[in-house]
Structure formats: structure tokens, C-alpha cells
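User: I should like a close look at a single part of this model. Please choose one element, describe it in detail, and then place it in its surroundings.

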Amino acid sequence: MTKLIIDTDPGIDDAMAIFYAAAAPDIDLLGLTTIFGNVTTKTATRNALRLLEAAGLDLPVAHGAEAPLVLPPFTPSAHVHGDEGFGDIPAATPKGKPVEEDAADFLIRMAREHKGELVLCPIGPLTNIAIAIQRDPEFAQNVKRIVIMGGSLEEGGNITPHAEANIYHDPHAAEVLFASGARVEMVGLDVTHRILCTKDDFSGIAASSPQLGGMLQEMSVFYLHFYETVGKFDGCSLHDPAAVIACTHPELFTARSVPMEVSCEGDTSGETRLSGEEGRKPIDVYMAVDAEAVKSLFLNRLAILP
Ligand code: BDR
Ligand code: CA
């Protein structure tokens with residue numbers, strides 16, 4: 001079993017990733033930490049609690065940073081995920097509350113308690129992870145693996161020609177992680193752009209899982225529509241589910257092990273690129289994927305949910 005914490009900005013594909021983790025028999029989900037990105041951090045915490053309650057999971061949610069490390073706070077992009085994060089599904093107030101610790105302190109404590117075993121899967125901007133690294137010099141080594149959804153090496157960006165959205169929203173935080181010496185795996189656009197889900201796939205999910213799959217299908221209408229507005233008619237990318245799947249099935253991906261850095265200024269801000277810095281530890285950048293296998297896992301495992 002993989003002991004997993006997901007750091008998330010839910011978000012439509014975040015919801016898909018979290019429900020996948022709830023269904024996966026090889027994942028022991030220990031909690032969620034929240035971050036701004038697709039929505040504000042306040043909305044992310046509300047949405048994270050709501051997803052866990054929908055899935056019947058009583059797990060801790062820790063509220064994260066409300067602004068990037070250095071850049072000013074920004075307005076989330078409602079045109080991709082909707083005003084409330086779940087497409088046209090209206091906001092709803094969850095019953096539960098976040099834990100008192102903030103996300104970075106929660107991550108630091110969990111990494112100590114599960115030293116050498118905890119896998120962290122950040123699927124939003126990396127601010128909480130950078131704060132944890134800055135607060136605790138041992139954090140990077142206590143965590144077994146940090147498998148991020150973000151960045152790209154050869155594929156270019158999706159929010160600017162150079163930058164992927166999660167890295168763009170806090171490039172300084174990504175640079176802290178890449179320079180930290182942690183065991184990092186990068187599930188970026190080089191692979192997530194190859195894993196596509198169509199309207200028919202979501203109808204199939206809803207047919208076998210009316211409650212949770214039905215919720216994803218409803219959200220997917222908004223998400224697929226966004227993809228069509230940018231000229232992509234063959235489905236939406238499973239960005240965040242791909243990162244969670246890489247946590248348990250790295251053999252479905254092919255990596256290049258290279259030192260990486262992040263541009264933090266100018267037109268290229270948020271670009272992830274090879275670093276020439278002496279001594280920088282290489283990270284595993286996933287460059288190829290068995291997209292059919294990843295998609296099959298996603299569809300088949302969601303099918304067992306209510
Ligand atoms: C990433 O940005 C967000 O919009 C998605 O949830 C995903 O984490 C893709 O670039
Ligand atoms: Ca996300």
C-alpha cells in the first residue's frame with residue numbers, strides 16, 4: 001500500500017484524481033492539503049472536504065498557503081474549472097472543518113511520523129511544499145517520493161507558451177523544490193497531454209458509478225467545453241489523475257533523470273528546464289507513457305465507486 005497525501009486545488013481533474021485515490025486498492029490516503037490555483041485556497045479547502053464527504057472518507061484536510069511565495073496573489077481561472085471549481089455544479093457547504101495545523105505543518109508532521117514511507121502528490125502550485133522544505137530542513141529527506149503534476153520539458157506550456165499552470169502560479173516554490181535534493185518525479189505536459197478522456201468515457205463512468213462517477217461526469221461537461229474552446233476536440237487531459245497513478249504505477253512511465261530549474265521572471269516565468277548548476281540533484285522527468293494502460297486503470301477503478 002502506498003501511503004499518500006495529495007496537495008490539491010480542486011478543480012475538476014483534481015476531483016477525478018481524489019476519487020481515483022479513494023477507489024484504488026493500493027493507495028492508503030492519509031489526508032489532503034489545499035492550495036490556491038484553480039480556485040482560492042478557501043474554496044479549495046471547502047471543495048476538498050466536500051469530495052471526501054461525498055466519497056465517505058473521514059480524513060484530515062489541512063488548509064494551505066493563500067498566496068505564492070513571492071508573486072502577488074492572483075485571480076483563479078474560472079474559465080477552465082468554473083467559478084466554484086466544479087464546473088456548473090453549485091457550491092455547497094461541507095459538514096467537516098479543516099484541521100488546526102496549516103498544510104505545511106501537517107505535511108512536516110506526517111513526513112516525520114511516516115518517515116521514509118510517505119509519498120506526496122502535489123497536483124496544484126507547490127507553495128505548501130516549498131514552505132514545508134523551508135520550515136523543516138529534514139522534510140525533503142523524510143518524504144519517500146514527491147510526485148508532482150506540473151511543468152514540461154519538450155511540450156511547451158498550457159497557460160503561456162513556456163509555462164504549465166501549476167508551476168506558473170508559483171515558480172519560486174517549484175524552484176525551491178527542484179533545488180531541495182528531494183526525490184522528485186515530474187508528471188508534466190509531456191505525458192499528460194497524451195492521456196485523454198472523452199465525453200463517452202465519462203458517460204461510461206457515470207453508468208457504473210452513478211453517485212461519484214455521475215458527479216465527475218457532470219463536472220466534465222464544463223471541462224470538455226473548455227478544451228473545445230482551445231481547439232481540442234479529442235477529449236480532456238487526465239493531468240492530475242496521471243500523477244496519482246504514477247505514485248503506484250511508475251512502470252507505466254518512462255523517465256529522463258535530469259537536474260531541473262524553473263524560470264522565475266520575464267516572458268518565460270514558470271518554464272521548467274534543464275539546469276546546469278553544479279551539484280543539483282537530478283529528478284525523474286516523465287517523457288513517455290503507456291496512455292492506454294493509465295486510462296484503463298482510471299476507468300476501471302472509478303467503476304467500483306458507488
Ligand atoms: C494543472 O493545472 C490545473 O488547472 C489542473 O488541475 C492541473 O493540476 C494542469 O496544467
Ligand atoms: Ca490541480
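Analyst: The element chosen is α1, which is mostly covered, with 12 of its 12 residues buried. This is a predicted model, and what follows should be read as a description of that prediction. The buried residues of α1 include I12, D13 and D14. M16, F19, Y20 and A21 are also among them.

The helix has 12 residues and reaches 17 Å from its first C-alpha to its last, close to the 16 Å expected at 1.5 Å a residue. An α-helix has 3.6 residues a turn, so residues three or four places apart point the same way.

The approach to the helix deserves attention. G11 lies in the loop between β1 (2-8) and α1. A cis peptide bond joins P10 and G11, with omega at about -10°. For context, most peptide bonds are trans.

The helix also contributes to the nonpolar interior. The largest nonpolar core has 99 residues, of which F19, A21, L177 and A243 touch the most other members. To this core α1 gives the most, with 10 residues. In soluble globular proteins, nonpolar side chains tend to be buried together. A21 serves as an example: leaving aside its neighbours within four places in sequence, A21 is in contact with L4, I6, I27, L29 and V244.

Ligand 1 is the next part of the setting. It is surrounded by 14 residues, and the closest are G11, D13, I123, A165 and H239. The helices α1 (12-23), α7 (165-169) and α12 (239-248) each supply at least two residues of this shell. By class, the shell around ligand 1 has 4 nonpolar, 6 polar and 4 charged residues.

Finally, the strand that leads towards the helix belongs to a sheet. In this open sheet, 8 strands follow the order β3-β2-β1-β4-β5-β6-β12-β9, with mixed pairing. Its edge strands are β3 (61-62) and β9 (253-258), each of which pairs on one side only. β1 and β2 (residues 27-34) pair in the parallel sense over 7 bridges, and D7 stands opposite T33 in β2. Further along the sheet, β4 (residues 118-122) and β5 run parallel and are joined by 2 bridges; V119 has R145 in β5 as its bridge partner. β5 (residues 145-149) is mostly covered, with 4 of its 5 residues buried. β5 and β6 (residues 184-187) also run parallel, joined by 4 bridges, and V147 stands opposite E185 in β6.

Note on methods
Residues numbered from 1 in each chain as written. Chains lettered and ligands numbered in written order. Predicted model: local features only at pLDDT ≥ 70, side-chain atom pairs only at ≥ 80, totals over all residues. Near = placed C-beta within 6 Å. Nonpolar A, V, L, I, M, F, W, Y, C, P; charged D, E, K, R; others polar. Core = buried A, V, L, I, M, F, W, Y, C linked by C-beta atoms within 7 Å. Buried ≥ 20, exposed ≤ 12 C-beta atoms within 10 Å, placed from the backbone. Contact = placed C-beta atoms within 7 Å. Expected span 1.5 Å × (residues − 1). Pairing = 2+ DSSP bridges.
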